[in-house]
Amino acid sequence: MLRKMFSVRNLSNISTLLLTVFSLGFLLLPIVVIVGSSFGTTSYLSFPPQGFTLKWYHKVFSLTEFIDPLKMSIQLGLIAATIATILGLSVSFAVVRYNFRGKNMLNNLFLSPLIIPLIVTAQALYLFFSALGMRTHFTNLMIAHTIVTIPYAIRTITASLQVFDITLEEAAMSLGANRLETFLKVTLPQIRPGVVAGWLFAFAMSFDEFVVASFLSGPGRITFPVQLFNYIRWSINPVMGAVSTFLILFTLFLAFALDRIVGLNTILGTRGK
Amino acid sequence: MCDSVLNHARRNRHAIFYLLFPSLVLVLLFIIALAMLLGYSFYEYVRPGVMKPSFTLENYVTFLTSSTYLRVLYRTVKISLIATVLALVMGYPISYRIVRTKSSLIRKLYVLIVLISFLSSILVRLFSWRVILGRTGLINQVLDLLGFSGLHSFLRTETAVTTGLVSFLVPFVVLTLVGVIDKIDPELESAAKSLGANEITTFFKVTLPLSMSGILAASLLCYCLGMSAFIIPLMLGGDVVKLLANVVYDQALLVVNFPIASTAAVILLVVSFVVIASYQKLLQQQL
């Protein structure tokens, strides 16, 4: 009995389990700590929290300095993610369906913002916009965020186009539908999960993006992450703990939405069981 | 009938290139911006905000002979490598468990934890690490209980930056590895075991070699993300532990020395790309 318990099989099983639990705990630790400490009564964040209060949550609603940046980030995310998805759709379509010279190079070019360090992208675009005298911060950020988020859209949309059964399109066209009708009525509904997931990833990426935004924001026109950074850089203010908790709730919502729309297996690229 | 389908296809062959046009404009803009960055790295620095068009290698000489910059470069590579290894060590077991766990509920729980960590704001997580690693933070409380007292804050140390980087990288490792491990046929493991190999031998002789392509891809991704880490050192390293990206930022926006900032950015790009290229060669040999 004892020998069986300490068999190599059990030991290796237990050791991978322990490593997994430890690693997952390591991932969860910052999330648990920030949510937990936001309920403490001390005037600085501490964990474990002392006492219990909701006063920091009340104070969140009087943080007027965050309203404009939040609005700006939401607008920016909506616009950049939508443009990136539409452009990503056309690029994926061209790359999956057509053979043309320089196809691989084109695909790599569009994916390159993933490999190029964000700080390099940020500085390059900053230099570009100032050389051209483009001083509208919102437009510049919109262009920059579209460039940075396109790869996310392309990757998920390409994946769903690759598994799409092309004979469905051929059937629709042989029945007299034109290319646009076929795309809107047959192709798009089939690849919708990939398109929606691509949009969500692009939005999440834009909404959380700090490096490019800190280069391209201007006085009075800053994004939410930049403003958040200004507040958390030097202090561990509990009101920011409450703000963080709201952001984590938003993440939870996003994770469940992704699971609902595309399923966790698709996100992970597994066959599922 | 067949003709009309073909005609559609031919005409729309052009349509798709019209569709590509706006994306191409955007990519072109990006390429021009990068070219400008490269060009500015050869310009001459006059005073803050002012530079002179020229073609000088002076900025590169300045960068590569300055002990401060070289120390930052060395630290960036070192922390990226250490964090990559640690992220793989932590990410592999999670990925393996996600693929092989029989209970779909536990599997889903694992995936959700990784996904929440992946999607939650990096600023929020770093803010929390500051609470954890601070002088009165969780780590020091635990160490205090164990009898080590009078400890200093962990903030502004390489340990803090490495910790933050690892926690940022683990989800990327898992998202890369799960798909690869999933493709390994469990029958192969059973076969090895039925031939007398124990769990450990099976892992090192069968499972690990078969997941090597995923491990290489994940480590490449981690290394690149580590090399370009910016907010992590900014929040956890402060003024003490700066990485290469922080030098680019400081020179560009605080000192307003565009030539040297561009030089640092180009060097960052080159150091990343050399590794990507040699890795891809390694990957091709693997396949």
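**Surface patch, chain interface and salt bridges in a two-chain model**

A:Leu70, A:Ile74, A:Leu78, A:Ile79 and A:Ile83 make up a nonpolar patch on the surface. Their accessible area comes to about 340 Å² together. The model is a predicted one. One member of the patch, A:Leu78, sits in helix H4 of chain A, which covers residues 67–97. The relative accessible area of A:Leu78 is 40%, so this residue ranks as partly exposed. In soluble globular proteins, nonpolar side chains tend to be buried together.

The interior was examined next. The largest nonpolar core holds 177 residues. Within this core, A:Ile119, A:Val120, A:Leu228, A:Met240, B:Phe230 and B:Ile231 touch the most other members. Contacts of B:Ile231 were listed without its neighbours within four places in sequence. In chain A, B:Ile231 is in contact with A:Phe210 and A:Val211. In chain B, the partners of B:Ile231 are B:Ile122, B:Leu123 and B:Leu126.

Chain A and chain B share an interface. Here 94 residues of chain A are in contact with 89 residues of chain B. About 8500 Å² is buried between the two chains. Carbon and sulfur atoms give 79% of that area. On the chain A side, A:Phe26, A:Leu27 and A:Leu268 lose the most area to chain B. Together these three residues supply 8% of what that side buries. One salt bridge was found across the interface of chain A and chain B. B:Lys108 forms a salt bridge with A:Asp259, with the closest N and O atoms 3.3 Å apart.

Over all chains, the count comes to eight salt bridges. Side chains of opposite charge can pair when their charged atoms come close. In chain B, B:Arg75 and B:Glu158 meet through their side chains, at an N to O distance of 3.3 Å. B:Arg75 belongs to helix H3 of chain B (residues 67–100) and B:Glu158 to helix H7 of chain B (residues 158–182), so this pair ties together parts that are 83 residues apart in sequence. The two partners are not equally covered: B:Arg75 counts as buried at 14% relative accessibility, whereas B:Glu158 is partly exposed at 27%.

Two further pairs were found in chain B. B:Glu199 and B:Lys193 form a salt bridge with an N to O distance of 3.7 Å. B:Lys193 has a relative accessible area of 31% and is partly exposed. For B:Asp250 and B:Lys242, the N to O distance is 2.6 Å. B:Asp250 is buried, at a relative accessible area of 15%. B:Lys242 is partly exposed, at 23%. Shared partners also link salt bridges, joining B:Arg75, B:Lys78 and B:Glu158 into one network.

Backbone geometry was then inspected. A cis peptide bond joins A:Phe47 and A:Pro48, with omega about 0°. A:Pro48 lies in the loop between helix H2 (8–37) and helix H3 (55–60) of chain A. In chain B, B:Arg156 has a positive phi, near 65°, although this residue is not glycine. B:Arg156 is placed in the loop between helix H6 (138–145) and H7 of chain B. The relative accessibility of B:Arg156 is 52%, so this residue counts as exposed. B:Val256, also a residue other than glycine, has a positive phi near 55°. The loop between helix H12 (244–254) and helix H13 (258–286) of chain B holds B:Val256. With a relative accessible area of 25%, B:Val256 is partly exposed.

Key
Residues numbered from 1 in each chain as written. Chains lettered and ligands numbered in written order. Predicted model: local features only at pLDDT ≥ 70, side-chain atom pairs only at ≥ 80, totals over all residues. Heavy atoms only, no water. Core = buried A, V, L, I, M, F, W, Y, C linked by side-chain atoms within 4.5 Å. Buried < 20%, exposed > 50% of the residue type's maximum accessible area, 1.4 Å probe, protein only. Contact = heavy atoms within 4.5 Å. Patch = residues over 30% accessible without salt bridge, like charges linked within 9 Å, V, L, I, M, F, W, Y side chains within 5 Å. Areas by Shrake-Rupley, 256 points an atom, 1.4 Å probe, with all protein chains shown as cover. Salt bridge = Lys/Arg side-chain N within 4 Å of Asp/Glu carboxyl O. Helix = DSSP H or I, 4+ residues; strand = E, 2+ residues; numbered from the N terminus. Buried area = accessible area lost by both parts, 1.4 Å probe.
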